Amino acid sequence: MAFEPPQRLVRALGETAPHGDDWLEKLPEAAYQAVALRELTVERVQMPGGRSSLVVLVRQPDGTPAVLKLAPPRARPQSERAALAHWGGTGAVQLLEPLVTEGVLLLERLRPDLSVRSLPEAKALLEAAGTLRRLWVEPPAGHRFETVAERTGRQAEAMRATASVDAEVATLVDAALAAREELLAAPPERRLLHGTFRQSKVLAGERMPWLAVGPDPVVGECAFDLARLVRDRVEDLIASPSGAATTRRRVKRLAESLEVDQERLRGWTLFRAVESGVRARRVGRPQDAELLLEFAGWL
């Protein structure tokens with residue numbers, strides 16, 4: 001079996017590590033070792049796959065279907081493992097082994113071809129929000145998860161650096177950074193969050209109808225987690241004549257359904273949209289950047 005990384009993964013890793021590293025070079029051998037150690041039977045590499053890991057559909061020695069996931073250190077796979085272990089299968093995909101191998105996870109097999117995003121928009125938002133609610137639990141005692149303040153602090157530095165040489169984004173960056181400062185001054189709660197939640201991160205399963213996958217966990221307030229969901233299907237929002245009004249209604253509806261402060265959700269949605277737009281602009285994805293920054297301008 002050739003463990004060839006999908007081009008989507010290669011491109012994404014090139015954006016986050018433009019000067020490269022040796023993880024991709026070592027990936028085939030690491031995959032072979034992970035399969036052999038667990039006595040797995042390989043079916044296929046999932047295509048087009050994710051942007052931060054190699055996903056391989058496998059079967060365990062007893063024939064049970066599973067997923068083998070290999071991720072580079074910068075994707076924080078050990079943090080993902082810790083979060084999945086803490087959730088214990090409630091609202092999220094389940095870990096299938098106690099074995100801890102750096103950068104390798106063996107997971108419950110869901111339906112990689114069927115996400116919440118395949119549903120009509122209103123139903124998709126409802127199911128995604130219900131899944132997200134189950135993940136918002138107290139973090140474990142003595143946890144080592146990154147906090148929202150720490151993660152957004154790194155992002156804020158990169159945003160300032162870009163704005164200093166790109167006047168077109170300076171106004172939105174200023175607004176996003178001001179919103180962040182205000183939001184961090186008095187966070188209402190500290191929960192374990194998915195960190196990168198969106199409709200495509202919720203897959204159909206056998207054990208439960210919908211389960212979240214691919215967390216990049218962080219500890220902070222719930223509005224931060226919900227903010228990424230607000231801009232799902234952003235390309236459809238931008239194409240619609242009523243996109244701005246629809247976005248404001250979505251903020252209101254999601255805030256009310258999950259009992260999150262509406263203004264805090266709006267603020268984190270602004271910050272996260274600007275951060276993503278500026279980053280897309282920085283790594284050479286101008287079309288994505290344009291969509292995200294136009295969306296941010298509505299908030």
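How far apart should the ends of helix α5 (residues 148–165) lie, given its 18 residues?

1. At 1.5 Å a residue, helix α5 should span 26 Å, and its end C-alpha atoms are indeed 26 Å apart, so the expected and computed values agree. Please keep in mind throughout that this is a predicted model.

2. Turning to the surroundings of this helix, the residues of α5 that count as buried are V148, R151, T152, G153, A156, M159, T162 and A163. These buried residues pack against the helices α6 (167–185), α7 (222–230) and α10 (262–282), and also against the strands β6 (191–193) and β9 (218–220). As background for reading such a list, an α-helix has 3.6 residues a turn, so residues three or four places apart point the same way.

3. Helix α5 belongs to a chain with 11 helices and nine strands. Among the contacts in the chain with a separation of 6 or more, 70% are made by residues 24 or more positions apart.

4. As for overall dimensions, a compact globule of 299 residues would have a radius of gyration near 19 Å, and because the chain has 19 Å, it agrees with that expectation. Taken along the principal axes, the box that the C-alpha atoms fill is roughly 55 × 40 × 40 Å.

5. Concerning burial and surface, 51% of the 299 residues count as buried, while the chain exposes about 14200 Å², of which carbon and sulfur atoms supply 52%.

6. Finally, on charge, the chain carries 42 positive and 41 negative side chains, and the centres of these two sets lie 2 Å apart.

Definitions and conventions. Residues numbered from 1 in each chain as written. Predicted model: local features only at pLDDT ≥ 70, side-chain atom pairs only at ≥ 80, totals over all residues. Heavy atoms only, no water. Helix = DSSP H or I, 4+ residues; strand = E, 2+ residues; numbered from the N terminus. Rg over C-alpha atoms; globule rule 2.2 N^0.38 Å. Buried < 20%, exposed > 50% of the residue type's maximum accessible area, 1.4 Å probe, protein only. Contact = heavy atoms within 4.5 Å. Areas by Shrake-Rupley, 256 points an atom, 1.4 Å probe, with all protein chains shown as cover. Lys, Arg positive; Asp, Glu negative; His and termini not counted. Charge placed at Lys NZ, Arg CZ, Asp CG, Glu CD. Expected span 1.5 Å × (residues − 1).
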